[in-house]
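Open the model in your viewer and keep the sequence panel beside it. The stops below say what to select and what is there.

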Amino acid sequence: MTRVLVIDDEPQIVRALVINLKARKYEVDAAHDGAGALQLAAARHPDVVILDLGLPDMDGVEVIRGLRGWTRVPILVLSARHSSDEKVEALDAGADDYVTKPFGMDELLARLRAAVRRAEPVGGEDGVLVETEGFTVDLAAKKVHRDGRDVRLTPTEWHLLEVLVRNTGRLVGQKQLLQEVWGPSYGTETNYLRVYMAQLRRKLEADPSHPRHFITEPGMGYRFEK
């Protein structure tokens with residue numbers, strides 16, 4: 001069963017999420033502050049996290065960074081903060097998706113399912129190793145090696161990398177990338193792509209400001225070159 005960690009200090013939202021998730025056969029843990037959430041995550045190892053940014057003891061972005069220090073678990077932000085800068089900050093810290101309050105339960109659950117799917121390992125038929133002079137991508141093991149060490153990627157970073165690598169040398173349009181990585185209801189959130197491409201470049205390019213492998217085609221999309 002998929003285990004969900006809900007982190008929110010609003011009891012009515014926690015109650016609604018717990019009822020709806022349990023009705024769909026998820027196992028659910030709940031925390032009402034950041035410190036308790038980090039402890040619970042370490043003890044229970046959830047498969048996906050739903051996180052409110054406005055917590056009483058710390059900002060939710062700090063919780064994201066705390067989780068990202070040791071786990072690639074999908075993190076779905078649920079917040080009343082609507083500004084683009086705040087969304088980008090959360091995504092940049094390592095969140096995988098962002099839903100604003102008030103929200104529709106059906107949409108939230110659909111995004112939760114998509115986040116879980118993105119985190120699932122690929123099948124054995126995908127045993128492809130892609131090597132560049134600076135790093136190696138193992139599609140079967142879902143691992144990236146650089147300078148002899150594993151590179152930690154979030155599930156969304158990995159999915160974006162995987163789509164680009166499977167289309168090596170070909171332009172992948174912005175809309176296609178958004179829909180493949182985030183889901184069919186996406187298509188115009190190009191700021192997501194900018195954030196995640198910047199993160200991939202920081203982690204994998206020798207010179208992120210002059211990328212050799214992750215190429216931007218302005219206004220069109222992105223291309224991966226070996």
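Select helix 6 (residues 155–166) and helix 7 (residues 174–181). In this predicted model, the two helices cross in a right-handed sense. Their axes are 10 Å apart and the packing angle is about 130°. An angle over 145 degrees would count as roughly antiparallel, so helix 6 and helix 7 are classed as oblique to each other.

Now show the side chains where the two helices meet. From helix 6, pick T156, H159, L160, V163 and L164; from helix 7, pick L177, E180 and V181. Coloured by class, this contact has five nonpolar, two polar and one charged residues.

Stay on H159, which is part of helix 6. Is H159 buried or exposed? Its relative accessibility is 15%, and the cut-off for buried is under 20%, so H159 counts as buried. Beyond its neighbours within four places in sequence, H159 touches R118, E180 and V181. E180 and V181 belong to the helix 7 side of the contact just shown. R118 falls within the range of helix 5, residues 105–119.

Follow that last residue to the next stop: select helix 5 (residues 105–119) together with helix 1 (residues 11–23). The axes of these two come within 12 Å, and they cross at roughly 60°. Roughly perpendicular begins at 65 degrees and roughly parallel ends under 35, so helix 1 and helix 5 are oblique to each other. Helix 1 passes helix 5 in a right-handed crossing.

Which residues make this contact? On helix 1, show A16, L17, N20 and L21; on helix 5, show M105, L108, L109 and L112. Seven residues of the contact are nonpolar and one is polar, with no charged residues.

Move to the loop that leads into helix 5 from strand 5 (97–100), and select P102 there. Display the backbone: the peptide bond joining K101 and P102 is cis, with omega at about -5°.

For the third helix pair, select helix 3 (residues 60–68) and helix 4 (residues 84–93). Their axes are 9 Å apart, and the angle between them is about 15°. That angle is under 35 degrees, so helix 3 and helix 4 count as roughly parallel to each other. The crossing of helix 3 and helix 4 is right-handed. Show V61, I64, R65 and R68 on helix 3, with E89, A90 and A93 facing them in the contact from helix 4. By class, the residues here are four nonpolar, no polar and three charged.

The next two stops are loops with a positive phi. Select K142, between strand 7 (135–138) and strand 8 (143–146). The phi of K142 is near 55°, a positive value in a residue that is not glycine. Is K142 buried or exposed? K142 counts as buried because its relative accessibility is 10%.

Then go past strand 8 to D147, in the loop before strand 9 (149–150). D147 also is not a glycine, and its phi is positive at about 55°. With 59% relative accessibility, D147 counts as exposed. Colour the pair by accessibility to set buried K142 against exposed D147.

Select G173 next, in strand 10 (residues 172–173). G173 has a relative accessible area of 21% and is therefore partly exposed. Apart from neighbours within four places in sequence, the contacts of G173 are M220 and G221. For a distance check, draw a line from the C-alpha of G173 to that of N191: the two are 14 Å apart in space and 18 residues apart in sequence.

Finish by colouring the chain by pLDDT. The chain has a mean of 89, and 96% of its residues reach 70 or more. Where does the pLDDT fall below 50? Select residues 122–126: the pLDDT is below 50 over this stretch, which has eight contacts in the model beyond near neighbours in sequence.

Methods. Residues numbered from 1 in each chain as written. Predicted model: local features only at pLDDT ≥ 70, side-chain atom pairs only at ≥ 80, totals over all residues. Heavy atoms only, no water. pLDDT = per-residue confidence, 0-100. Contact = heavy atoms within 4.5 Å. Helix = DSSP H or I, 4+ residues; strand = E, 2+ residues; numbered from the N terminus. Buried < 20%, exposed > 50% of the residue type's maximum accessible area, 1.4 Å probe, protein only. Axes fitted to C-alpha atoms, helices over the stretch in contact; angles between N-to-C directions. Parallel < 35°, antiparallel > 145°, perpendicular 65-115°, else oblique. Left-handed = near helix turned anticlockwise from the far one by under 90°. Nonpolar A, V, L, I, M, F, W, Y, C, P; charged D, E, K, R; others polar.
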